[in-house]
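Work through the following exercises with the coordinates open, and take each solution one step at a time.

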Amino acid sequence: MQAKKRYFILLSAGSCLALLFYFGGLQFRASRSHSRREEHSGRNGLHHPSPDHFWPRFPDALRPFVPWDQLENEDSNVHISPRQKRDANSSIYKGKKCRMESCFDFTLCKKNGFKVYVYPQQKGEKIAESYQNILAAIEGSRFYTSDPSQACLFVLSLDTLDRDQLSPQYVHNLRSKVQSLHLWNNGRNHLIFNLYSGTWPDYTEDVGFDIGQAMLAKASISTENFRPNFDVSIPLFSKDHPRTGGERGFLKFNTIPPLRKYMLVFKGKRYLTGIGSDTRNALYHVHNGEDVVLLTTCKHGKDWQKHKDSRCDRDNTEYEKYDYREMLHNATFCLVPRGRRLGSFRFLEALQAACVPVMLSNGWELPFSEVINWNQAAVIGDERLLLQIPSTIRSIHQDKILALRQQTQFLWEAYFSSVEKIVLTTLEIIQDRIFKHISRNSLIWNKHPGGLFVLPQYSSYLGDFPYYYANLGLKPPSKFTAVIHAVTPLVSQSQPVLKLLVAAAKSQYCAQIIVLWNCDKPLPAKHRWPATAVPVIVIEGESKVMSSRFLPYDNIVTDAVLSLDEDTVLSTTEVDFAFTVWQSFPERIVGYPARSHFWDNSKERWGYTSKWTNDYSMVLTGAAIYHKYYHYLYTHYLPASLKNMVDQLANCEDILMNFLVSAVTKLPPIKVTQKKQYKETMMGQTSRASRWADPDHFAQRQSCMNTFASWFGYMPLIHSQMRLDPVLFKDQVSILRKKYRDIERL
């Protein structure tokens with residue numbers, strides 16, 4: 001029996017081999033004869049159809065290796081010339097396949113850094129307010145240059161925001177206008193801003209002209225058309241979106257549990273036909289009228305009644321029952337479905353309201369997705385799984401909901417609350433691509449204070465910033481550098497500046513003392529300065545202006561800076577205590593003299609007061625400790641106009657520093673123990689007595705407050721009533737039990 005099986009197997013194998021050789025031979029002969037016929041017909045100018053082959057032609061056969069930029073055009077380029085093939089491949093390479101490495105000229109950025117040039121506005125060209133705000137944000141930034149030869153990036157003055165042909169803001173003949181620009185260079189190193197593209201009924205993403213090699217900063221862009229590491233997805237914002245500043249988020253208190261009246265809400269248009277109608281037409285399946293309230297209306301457009309369906313009347317009636325703002329402020333989750341385009345105004349509205357966005361727009365490249373981790377602030381849904389949305393969000397733990405809501409507030413205030421922040425975030429992302437060796441990481445972008453305030457040019461190490469000590473497991477610095485600002489000549493050994501120098505030098509935390517000599521008189525001889533246990537470095541200010549006290553001097557080797565006016569009266573004990581407090585709050589200003597701001601209704605402007613009350617919003621830098629990174633921010637982040645104002649007035653530099661730090665931290669400064677005789681000692685000094693008594697000095701500070709608030713776009717200062725005192729300070733116990741016993745004796 002076994003022998004028969006073996007015989008059968010051998011017979012079968014032999015038959016297969018015979019068939020294989022037979023058909024293979026035919027195929028080989030057919031191929032040879034076909035090639036000979038082709039050769040013959042080629043010589044005689046004739047062509048004969050080839051016979052059918054015995055083996056089928058598989059459409060997905062492996063293709064020979066070609067460069068990646070030639071794959072899409074290989075089949076269509078079979079019968080074109082090599083020059084045409086190069087041109088076709090070049091067009092794709094510079095357009096749809098564009099990346100920074102292929103379509104951006106980095107050499108323009110090497111010499112002068114990242115500078116942005118805005119084309120001058122052409123006569124007769126109308127620019128919408130939203131685009132004017134974008135251009136103003138660029139021109140007011142530290143990136144702006146008016147010299148095109150210094151520029152690394154170029155932005156059109158032609159309004160490209162609204163490319164819907166049915167819109168009154170649509171700019172006609174944009175293609176010819178752009179091509180006529182002498183710096184256009186096929187769009188290379190250009191950035192084009194766009195909010196709306198395409199028109200009814202298809203709403204394509206085509207902006208209506210050839211952008212060449214230009215980058216797009218575009219709203220509602222799809223992942224299919226988004227060019228990673230080249231384009232920037234921006235949010236859709238309304239024409240009323242503030243140019244600068246913007247309102248803060250609405251999460252005032254971290255209520256526990258974080259659930260609100262409504263679990264999920266939406267209120268908006270219901271598109272009866274056309275693109276974007278499917279999802280919104282299906283929302284009624286999820287709406288329960290209790291904690292899931294999804295409202296749509298058919299009443300939009302001139303001909304909505306032509307497409308009216310059986311649900312419209314009921315939907316319209318239900319729609320009118322609810323106030324949108326009330327729903328927004330009392331909902332845990334906010335649905336953000338796509339409209340005609342992928343983006344929606346509901347996205348920014350939900351972020352500001354601390355209502356966790358539930359994204360329902362398949363294929364939308366979320367704003368600033370290159371740097372923002374949206375899983376920390378939003379729920380990414382799927383339009384095809386609409387009915388699963390309620391059960392999904394109900395399963396999210398309360399701790400996670402609170403974390404999501406907190407992140408919405410951070411992202412809103414850091415990147416989205418104004419046109420200026422949207423524009424600056426776009427530019428910073430592009431700058432990070434250009435200078436990859438110092439680009440910001442994900443932690444910086446997604447954690448307070450955010451990428452706009454953490455400048456990588458300062459350092460690439462997170463431990464050099466005051467915001468990440470806890471994340472890195474680091475302890476705050478244990479030493480400080482005292483920087484004394486001297487403006488009066490040294491004529492007596494009993495002057496307050498010398499007493500202050502000795503008191504600071506005796507501190508156990510003092511590493512060195514820097515005297516910034518901003519006096520018009522020559523530097524005193526070395527023997528005039530008292531001998532101390534720590535080094536004393538005297539720097540003569542080159543320009544001798546007020547802002548020079550906040551320059552990022554290389555001589556400052558510690559992270560902590562004790563900023564002192566020459567006439568400040570502080571004891572060593574006070575210095576020690578202030579520094580130990582600062583170590584617990586390294587991102588803030590900690591110090592002694594406090595001031596406050598208020599809104600003057602009669603004058604409709606901000607006011608400044610030096611009254612001694614429990615309320616304060618500023619700690620003056622005449623006796624304060626802060627992180628030296630704020631020297632860098634003051635010098636490189638703030639505009640020259642504000643610093644020039646400070647220098648011309650020789651005033652307000654301390655107010656400006658408080659504005660800056662509060663804008664970054666969103667927190668007030670910290671005042672430490674009130675000095676008993678502070679006012680008397682301050683007014684007793686000859687160097688500044690005239691300044692404090694001069695009414696013009698006070699009026700200047702009032703004016704500074706309003707100028708600074710105007711530039712920031714809002715009032716960043718925050719009131720506080722917290723004052724930190726040493727333990728057992730002024731308690732009726734033995735003086736020997738008190739660590740900072742000398743403070744009580746002042």
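**Exercise 1: a pair of cysteines and their burial**

Cysteine 98 has a relative accessibility of 0% and therefore counts as buried, a word that here means under 20% relative accessible area, with exposed over 50% and partly exposed in between (1.4 Å probe, protein chains only). The model is a predicted one, in which local features need pLDDT of at least 70 and side-chain atom pairs count only at pLDDT 80 or more, whereas totals for chains, interfaces and linings use all residues. Residues are numbered from 1 along each chain as its sequence is written, and side-chain values use heavy atoms, with hydrogens and water left out.

Task: determine which cysteine is joined to cysteine 98, and the handedness of the link.

Solution. Begin with the sulfur atoms: a disulfide, defined as a pair of cysteine sulfur atoms within 2.5 Å, joins cysteine 98 to cysteine 103 at an S to S distance of 2.0 Å. Next, take the angle about the S-S bond, which is -80° and makes this link left-handed. Finally, check the partner: cysteine 103 is buried as well, at 0%.

**Exercise 2: a right-handed link**

Task: find what the disulfide of cysteine 109 and cysteine 152 ties together.

Solution. The sulfur atoms of cysteine 109 and cysteine 152 are 1.7 Å apart, and with 50° about the S-S bond the link is right-handed. Cysteine 109 lies in helix α4 (residues 107-112) and cysteine 152 in the loop between α5 (129-139) and β2 (153-155), so the pair connects parts that are 43 residues apart in sequence; helices (H or I, at least four residues) and strands (E, at least two) are DSSP runs, numbered from the N terminus.
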